[in-house]
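Ready to practise reading a protein model? Work through the exercises below with the structure open beside you, and try each task before you read its solution.

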Amino acid sequence: MLGTNVVIVFDFDRTLIDDDSDRWVVHNMGLTHFFNNLRPILPWNALMDRMMEELHSQGKTVEQIAECLKHVPLHPRTISAIESAHDLGCDLKIVSDANQFYIETILKHHRLDRCFSEIITNPTMVDGDGRLRIFPYHDMASFCGCNLCPPNLCKGLVIEKIRASRSEKEKSRFIYLGDGRGDYCPTLKLDRRDYVMPRKGFPLWDRLLSNPNLLKAECHEWSNGEELESILIQLIEKICKE
């Protein structure tokens with residue numbers, strides 16, 4: 001397979017999908033006012049868990065949440081890019097501050113779950129009462145103290161662990177796709193032979209543009225699904241020719 005040494009890491013919200021999955025559920029299930037009242041006083045991860053408690057108290061089921069998530073926009077060219085990269089033998093992973101239930105529901109709906117070897121995100125479970133629970137990926141005891149990331153998930157630490165898990169013989173090349181502030185830390189962990197694909201006009205792109213000297217990896221910006229597919233496939237082919 002051409003891309004067996006290529007590791008492609010996708011952020012999820014506003015990168016793989018064209019919206020924010022947390023806010024999508026909040027808005028489309030009628031929680032905007034409740035969310036806005038609690039936003040100033042709860043950290044994001046705890047806030048989302050509280051939103052699930054509120055939905056459960058209103059009689060909304062996990063199945064209704066899943067149905068809502070199936071309507072999140074996902075660009076068809078992003079879908080084809082993922083399928084092509086997988087078929088070329090690349091190792092695809094998701095590292096996201098969304099949550100396991102949201103991501104798995106959306107991937108399965110689009111039949112993309114088979115394409116990803118690993119999803120690293122905030123874990124979820126459905127409790128005995130049928131309520132969806134959302135937990136932090138890092139507990140406070142294991143938080144690394146990174147000042148670039150939220151306490152529940154340091155993506156830079158995750159990238160370091162992924163790289164360490166791969167043998168020296170594999171000589172893995174990384175392509176990282178992201179958009180948000182939480183994607184800045186992992187991009188600084190990339191090497192000179194790696195690539196970062198920030199979404200143009202979003203916080204990661206702004207941050208990289210303001211201080212490009214801190215970045216070792218080669219940067220390729222994109223704006224939409226067409227550009228994402230074109231650039232990603234070009235980078236895979238380039239790596240495979242080297």
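**Exercise 1.** Decide whether Asp 22 is buried or exposed.

*Solution.* Keep in mind that this is a predicted model. Start with the number: Asp 22 has a relative accessible area of 3%. Next, recall the cut-off: a residue is called buried under 20%. Asp 22 is therefore buried. To see its surroundings, find Asp 22 in helix α2. Setting aside neighbours within four places in sequence, Asp 22 is in contact with Trp 44, Met 48, Asp 97, Ala 98, Asn 99 and Tyr 102.

**Exercise 2.** Find which residues UniProt lists for "binding site", and work out how far apart they lie in space.

*Solution.* First, look at the record: an unreviewed UniProt entry lists Asp 22 and Asp 97 under that heading. Second, compare sequence with space: the two are spread over 76 residues of sequence, yet they cluster, with a largest C-alpha distance of 9.8 Å. Third, place Asp 97, which sits in strand β2 (residues 91-99). Its relative accessibility is 26%, so Asp 97 counts as partly exposed. Finally, list what Asp 97 touches beyond four places in sequence: Asp 22, Thr 121, Asn 122, Pro 150, Asn 152, Leu 153 and Lys 155.

**Exercise 3.** Describe how helix α2 packs with helix α4.

*Solution.* Two packed helices are described by the angle between their axes and the distance between the axes. Step one: the axes of α2 (residues 21-28) and α4 (residues 44-57) come within 11 Å and cross at roughly 30 degrees. Step two: angles under 35 degrees count as roughly parallel, so α2 is roughly parallel to α4. Step three: this crossing of α2 and α4 is left-handed. Step four: α2 brings Asp 22, Arg 23, Val 25 and Val 26 to the contact, while α4 brings Trp 44, Met 48, Met 51, Met 52 and Leu 55. Sorted by class, the residues of this α2 and α4 contact are seven nonpolar, two charged and no polar.

**Exercise 4.** Now do the same for helix α5 and helix α7.

*Solution.* Begin with the geometry: α5 (residues 62-69) and α7 (residues 100-109) have axes 9 Å apart and pack at an angle of about 55 degrees. That angle makes α5 oblique to α7. The crossing of α5 and α7 is right-handed. For the contact, Val 62, Ile 65, Ala 66 and Leu 69 of α5 meet Phe 101, Tyr 102, Thr 105 and Ile 106 of α7. By class, the contact of α5 with α7 has seven nonpolar residues, one polar and no charged.

Definitions and conventions
Residues are numbered from 1 along each chain as its sequence is written. This is a predicted model: local features need pLDDT of at least 70, side-chain atom pairs count only at pLDDT 80 or more; totals for chains, interfaces and linings use all residues. Side-chain values use heavy atoms; hydrogens and water are left out. Axes are lines fitted to C-alpha atoms, for helices over the stretch in contact, and angles run from 0 to 180 degrees between N-to-C directions. Helices (H or I, at least four residues) and strands (E, at least two) are DSSP runs, numbered from the N terminus. Angles under 35 degrees count as roughly parallel, over 145 as roughly antiparallel, 65 to 115 as roughly perpendicular and the rest as oblique. A crossing is left-handed if the near helix is turned anticlockwise from the far one by less than a right angle, and right-handed if clockwise. Contact means heavy atoms within 4.5 Å. Ala, Val, Leu, Ile, Met, Phe, Trp, Tyr, Cys and Pro count as nonpolar, Asp, Glu, Lys and Arg as charged, and the others, Gly among them, as polar. UniProt positions are given in the numbering used here, feature names are shortened, and annotations may be inferred rather than shown by experiment. Buried means under 20% relative accessible area, exposed over 50%, partly exposed in between (1.4 Å probe, protein chains only).
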